[in-house]
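Colleague: I would like to learn how to read the contact between two chains, and I would be glad if you took me through it step by step.

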There are 2 protein chains.
Amino acid sequence: MALMVQKYGGTSVGDIERIKNVARRVIHAKNQGHQVVVVVSAMAGETNKLIRLAQQVTSSPDERELDVLVSTGEQVSIALLTIALKSMGVDAKSYLGFQIKIATDSAFGKARITGIESEKMLEDLKNGRVVVVAGFQGVDEEENITTLGRGGSDTTAVAVASALKADVCEIYTDVDGVYTTDPNVYPRARKLSRISYDEMLEMASLGAKVLQIRSVEFAKKYNVPIHVRSSFNDNPGTIVCREDEEMEKVVVSGVTYNKNEAKIEIMGVPDLPGVAARLFKPIADANIVVDMIIQTSSTEKGCADLAFTVPQSDFKKTLQILKGNIKGIGGKEILSDENIAKVSIIGVGMRSHSNVATQMFSALAKEGINIQMISTSEIKISCIIDSKYTELAVRALHDAFGLDKTTSTEEN
Amino acid sequence: MALMVQKYGGTSVGDIERIKNVARRVIHAKNQGHQVVVVVSAMAGETNKLIRLAQQVTSSPDERELDVLVSTGEQVSIALLTIALKSMGVDAKSYLGFQIKIATDSAFGKARITGIESEKMLEDLKNGRVVVVAGFQGVDEEENITTLGRGGSDTTAVAVASALKADVCEIYTDVDGVYTTDPNVYPRARKLSRISYDEMLEMASLGAKVLQIRSVEFAKKYNVPIHVRSSFNDNPGTIVCREDEEMEKVVVSGVTYNKNEAKIEIMGVPDLPGVAARLFKPIADANIVVDMIIQTSSTEKGCADLAFTVPQSDFKKTLQILKGNIKGIGGKEILSDENIAKVSIIGVGMRSHSNVATQMFSALAKEGINIQMISTSEIKISCIIDSKYTELAVRALHDAFGLDKTTSTEEN
């Protein structure tokens, strides 16, 4: 018997039939003797519908009031799910953010959870009730309604699990776990049975869209094990948890790719202190996030070449900013390339294994793939390559690090 | 400069354009120097849509959860209206039931307001803000969301006005006031400039659908003046307030009618103690509200004839109950008539004027209208007549009591 938090996303509660299905899954878990808390998102499409309503009023709706508006989506979901559970003969009770004091800061639209009161929920569970909690929402110190940003229901689920000291937080989604790479790109991709928080964070920020990054950070901070699994079958999914010795034996856990960046190069910038700052400040001021940055000596004496990547959606804006700026800095030329991709390998085992980078570069070289830029962290190596080689690179790296082979920490 | 509460119904906030219109009306009042609190209903049709969703899950949804569900309608309205106000440059803030502690009992779906915290709202008003309050909803002692029943936003508005000691509570609706009778039946009907709470209560319960009855009871209890007016023009409407000497001079303030009742007669019931109770108990147990009851001596010796009215929607059910019950009681025959109407005259002046009933009966007799049943209260006389004479009776009574003529308490 376990205390479990189950989180169902918008697709899983997308219509009345699906809500009934979720109710049946919850009842199944309860009948197996578990205590169940359910966190639900808004029905698929509802949040966008509400945002569109606000935008019919004005293009820049007030942020506090927008949160009042969009938080109704989850309110509808918890009511309907609880109605379904009760109509099936199971005692259940729904809670909104304010009712269990899901406390957050006041950053409307992207608030952070600071605490949750567990008393009511624990009392309900003790009395055999299923507890249904609205995801995505909280209240700040002044009882204003706040929302946690896209995917925020994942964070709600983890925070509730942490507050209740739950045994596990199950995140139900439309994929059945975390894979060594995108199975659409490489069918030999294998579902991981376990992955560390840090690896999951790198995977998430590098393009794997399984979990909201903040929920993983929260889970890591409070050591809440997350079980990512499918709401359409009963297969075990992937456990995201604290790393252990077994995980460290695996050098590389996954290969990710991202085709949504663009590269910009500035040639012949005077190699003087403060130049980089003057170059990047206006870009940062425009809220554009620069990813990789590389500086090399220029062929021109006393000068340097600077290369960096930005999201493709900010590409044109960045170029405009640079064109107005380049002469003041003394740069010679701007080159740009939208046809690039970033491929990355991730694994906590890298910390204790040397030579991983060399293995990666060799694997790419063997396929004739030129590496344009490289960036590394403790548990990740990323390379920028020509985007037409993306899939080839992913497969080559997956093979080179033997990711298709089951290891002791993988599913049998 | 006044502190005013304005309430707008579902039709007034039925779409984005109408919400913007309400915002303009509010700003107009504010620009005239008033402090404004706005109470809004759900957008027209929304509450029914939400109830239908719940009924797709089960025919008898849990009442607590149904309130969680339907209260989202008003939440959407306050957010959109506040977004509109702020986009027009006016500082504004929305409040849900729990945020200003609209305390109610725990009768889900038909809760009664027991108190409201005024501090936050008064602080906002002091700071020049427009306050926007969700109608229809409250929270009970355990912070469960409750709703007040159909038309409950009227009661919210009156309760907020009472808590803030507002100068007036303006209820905006699609008619521009309370009339001496239905203008569709008699074009000579005149808009009343003032009417007492008690008269309004009789008018409301007798079929005039301007205000929720409970809101008038609340206004009477806390002496909150209500101004009923149209959201489509700037005409003064009708003030509902405490009665005064001027009002008492007017014998009859209005004529109402109701075609939605049916008459049932039980002939030859033994005239013994307890018979009436045994007859009506099963009807009451089926939640059917019996209106008028009249008992007369039967032509049969030692027996009585009983006549009463029920809502037409409960007519068949009542007959079924009686048919299964009549023999046990010893009744001889059941007669029924769906083609009846109730016409009523209402006026606080009746208390101090004799002969009003005679005047009413004469007026009907003069038109050859037979009176089937009569019932009276301190400020009201109702007659059951053949429904085909309804409009004729209304006109005759309107004329007989000179309601088309302006008096000192009426509008000029």
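Colleague: How many residues of chain A are in contact with chain B?

Modeller: In this predicted model, 27 residues of chain A are in contact with 27 residues of chain B, contact being taken as C-beta atoms, placed from the backbone, that lie within 7 Å. Local features need pLDDT of at least 70 and side-chain atom pairs count only at pLDDT 80 or more, while totals for chains, interfaces and linings use all residues. Residues are numbered from 1 along each chain as its sequence is written, and chains are lettered from A and ligands numbered from 1 in the order in which they are written.

Colleague: Which element gives the largest share of the side of chain A that touches chain B?

Modeller: The largest share, 11 residues, comes from H4(A), where helices are DSSP runs of H or I with at least four residues, numbered from the N terminus.

Colleague: How do I read the relation between the two copies?

Modeller: Two copies of a chain are related by a rotation about an axis and a shift along it. Here a rotation of 180 degrees with 0.0 Å of shift along its axis superposes chain A on chain B, with an RMSD of 0.2 Å, the fit being by least squares on the C-alpha atoms of residues with pLDDT of at least 70 in both. That is the relation of a two-fold axis, and 100% of the contact residues of chain A recur in chain B.

Colleague: Which residue of chain A comes closest to the rotation axis?

Modeller: Thr72(A) does, with its C-alpha at 2.7 Å.

Notes:
Two residues are in contact if their C-beta atoms, placed from the backbone, lie within 7 Å. Helices (H or I, at least four residues) and strands (E, at least two) are DSSP runs, numbered from the N terminus.
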